[in-house]
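Work through the exercises below with the structure open. Each task is followed by a worked solution.

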Amino acid sequence: MFRIGVCDDEAYFRQDIEKRLEAYFKEKPFKPEICAFEKGQALLEEAEKSPFDLVFLDIEMPDMDGITLGKHLKAIVEDTLLIYVTSYDAYISYALRLDIFQYLKKPLDDHFFQEEMDRALKQYVLKKQKYNFEYNGVRMSVPITRIIYLESQRWSVIIHTEDKNFKIVSKLGEEEKRLTAHGFIRIHQSYLLNIQYIEKFLSDRVFLKDQKEPLPVSRKYKDEAKKAHLDYQSKVGI
């Protein structure tokens, strides 16, 4: 079940988002569970019982501001998608430190709201998808969203995830065919990476989130990889 939380101390904006969500999911193959809250503490208590997949948050609220609430939600489930909906630009830098999904200005733009919901739904579906492979003779499965990059080494491929690395017998080209549709780009003969983990893309190397050492970018793949990254940035509003 796709659980969506909406928290805003102003009833008009809560109801506006609820109506938009109901209209958006009318033609979708499944219906989400939408829970609306006036106070941040109430949403947080509900999230502790059963986490949300996507949460719309106002920033200025009387009992708990949206930034603090977002930190608590990320502590419960790091993959929770946070969309801040506010009239103020002053908090953007604070919100971005939480690795938020999007930042929307009030009043909401119909077309932009629709686009961001499409992207959020795609991200939710991707989060549920697993990457299957054989590791030391055992069939393994990890969420695709937790794979940072794949590295080619001789007759094997190393799968670098947020939690552990797995060395499998394969060719990087074969794994690229499986992962290109899921946002992975080739930057080098030896590296295939998840575009969501890119922190900084330079001409000859790329820095990834929570990784100390950058990965090399070769001339052969640079232009196409750079274009894919710029396209991704434009979609997520970075």
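**Exercise 1.** In this predicted model, which residues does Asn194 touch, not counting residues up to four places away in sequence? Then decide whether Asn194 is buried or exposed.

*Solution.* Step one: list the contacts. Asn194 touches Ile144, Thr145, Ile147, Ile148, Gly183 and Phe184. Step two: place the residue. Asn194 lies in strand E12, residues 191-194. Step three: apply the cut-off. Buried means under 20% relative accessible area. Asn194 has 1% relative accessibility, so it counts as buried.

**Exercise 2.** Find the strand order of the open sheet that contains E12. Which strands stand at its edges?

*Solution.* Step one: read the order. The five strands run E10-E9-E8-E12-E11, with antiparallel pairing. Step two: look for strands with a single partner. These are E10 (165-169) and E11 (184-188), so each has one side without a neighbour in the sheet. Step three: check the twist. Neighbouring strands are turned by 20° against each other on average, direction ignored. Step four: add the helix. H6 (residues 172-179) packs on the sheet and touches E8, E9, E10, E11 and E12. The direction of H6 makes about 20° with that of E12.

**Exercise 3.** Where do the buried residues of helix H1 sit around its axis, and what do they pack against?

*Solution.* Step one: name them. They are Phe13, Arg14, Asp16, Ile17, Arg20, Leu21 and Tyr24. Step two: take the arc. These residues cover only 165° around the axis, which puts them on the same side of H1. Step three: look at the other side. Tyr12 and Lys19 are exposed there. Step four: identify the packing partners. The buried residues pack against strands E1, E2, E3 and E4 and helix H5.

Technical notes:
Residues are numbered from 1 along each chain as its sequence is written. This is a predicted model: local features need pLDDT of at least 70, side-chain atom pairs count only at pLDDT 80 or more; totals for chains, interfaces and linings use all residues. Side-chain values use heavy atoms; hydrogens and water are left out. Helices (H or I, at least four residues) and strands (E, at least two) are DSSP runs, numbered from the N terminus. Buried means under 20% relative accessible area, exposed over 50%, partly exposed in between (1.4 Å probe, protein chains only). Contact means heavy atoms within 4.5 Å. The arc is that of the directions from the helix axis to the C-beta atoms. Two strands pair if DSSP finds at least two bridges between them. Axes are lines fitted to C-alpha atoms, for helices over the stretch in contact, and angles run from 0 to 180 degrees between N-to-C directions.
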